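Colleague: I should be grateful for a close look at one part of this model, followed by whatever related positions help to set it in context.

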Amino acid sequence: MAASPHSPNSTFRRMRGHRSPAEFAAVVRRAAREIGETVSCDARYIGRVESGEIRCPNYAYERVFLHMFPGRTLADLGFSPREAVRGRLAQRTPLTPKESDVLRRAFMAGGSATVAAATLGLTLLGDGRRVPSRAGESEAAAVEDAVRQIRLLDDRHGADALYRRAAEPLRTAYALLDAGATRQSTEDRLHSGAGELAVSVGWLAHDSGRFDDARSHYAEALATARVAGDAGLEAHAFSNMAFLARDCGRSRESVRAAQAGRRAARSLGSPRLLSLLALREAGGWAGLGDRRACEEALSRAHTEFSRGEAGADPEWMSFFGEAELEFLEARCWATLGEHARAARHARRAADLQDPHFARNVALYTAELADDLAHAGAPDEAAWAGGRVLDLLTEVQSTRVRSMLSATAQTLVPHQRSPRVGAFLNRHASA
């Protein structure tokens, strides 16, 4: 029987069995990968389902749950009908039924990156309605959904087509925060959601080469974290700031930002987060040419990563697996001039990455192409570069294109090789 608005979903709790919420969340993520879906499930999400706060999952989670429990319906899993949930939300908030539907479905429209970007501005009251005088749970949920869907679209298509459209939901999220909330718990969710949205929009700017915009958005997220006393958001902002500083050639700033993130994350109980921050720090040390400090940070990253997943792992870290670890280590060795070693890690990153994450496959393969070009393997580099060009038909990322252009320049002296020449001609026409 479906759960009522305020009652726990005891049926779903029974489906979890003896597994902890964190363990069950990991099972959900694995099931999603099996069907080519992307969900950022964590222990908190499982708790929200079991408490009855989430009465009906979004379409991505619906597909995953029905894959996990074949032959069952959402009602069999304790969820309410989607129509009933929408109707009640429309009555409790200042949104019309059409707007409530837009809040949850606009990002799921599918299609090309351009179409997805066009829907993005509609997600948070994007049709010109005034922000409500007090934000409620529906608005907080819309902000959280915006964050998840931006990440999903970025994973599949890259940032270029999304950045400008993402600015409108961000402005609305901060307007909702400024309006205040009906309850303190809702206001806390709005702070966290708006800050995470600022990081996500900052990343879209970062990946599309708008570094000044990215710096501004990351700073906004950090300020939000400090005001709210949100250590997790603070660590996330510092992680991205370290990444940006490295890409801007400010290696010392990258190290300091990563270390600040580690201090913020120390009490959160997430070894994977500490591993990522150690990798950010290693990248900064590599930029400074300090091999010893870089190796020490890489060692810490591997040690923390080996501790495995935890219930405290942030939702936004769903991208961080062994493939990302290998890629970030490849970047360190390439920066230190050890390109053959870097190529081994980059190849492993590309091999390990789920093909569903097209942007990351393109990124890791572009890194591999550049490392091979510098390591004296031009034909292999040309092959990898051709693979990136294939992927760029569906991925729009200035960062990946810039990396590939640099590789092409490196390969010019080898253009008499048939394979290299073919790649260079194709790259020039693209």
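Is serine 251 buried or exposed, and what is its relative accessible area?

Modeller: The model is a predicted one, and the description below should be read accordingly. Serine 251 has a relative accessible area of 10%; because buried means under 20%, serine 251 counts as buried. This serine lies in helix H13, which covers residues 251-265. When its neighbours within four places in sequence are left aside, serine 251 is in contact with Ala245, Gly284, Gly287 and Leu288.

Two further positions may be described in the like manner. Threonine 365 belongs to helix H18, formed by residues 358-374. Its relative accessibility is 5%, so threonine 365 is likewise classed as buried. Residues up to four places away in sequence not being counted, threonine 365 touches Ala350, Ala384, Arg387 and Val388.

Leucine 424 is placed in helix H21, which spans residues 418-429. With a relative accessibility of 14%, leucine 424 also counts as buried. Among residues beyond four places away in sequence, leucine 424 touches Ala408, Leu411, Val412 and Gln415. A distance can be added for this residue: leucine 424 and serine 405 are separated by 19 residues in sequence, and their C-alpha atoms lie 9.6 Å apart in space.

To return to the residue of your request, serine 251 is a buried position in helix H13, and its contacts outside the immediate sequence neighbourhood include Gly284 and Gly287.

Technical notes. Residues numbered from 1 in each chain as written. Predicted model: local features only at pLDDT ≥ 70, side-chain atom pairs only at ≥ 80, totals over all residues. Heavy atoms only, no water. Helix = DSSP H or I, 4+ residues; strand = E, 2+ residues; numbered from the N terminus. Buried < 20%, exposed > 50% of the residue type's maximum accessible area, 1.4 Å probe, protein only. Contact = heavy atoms within 4.5 Å.
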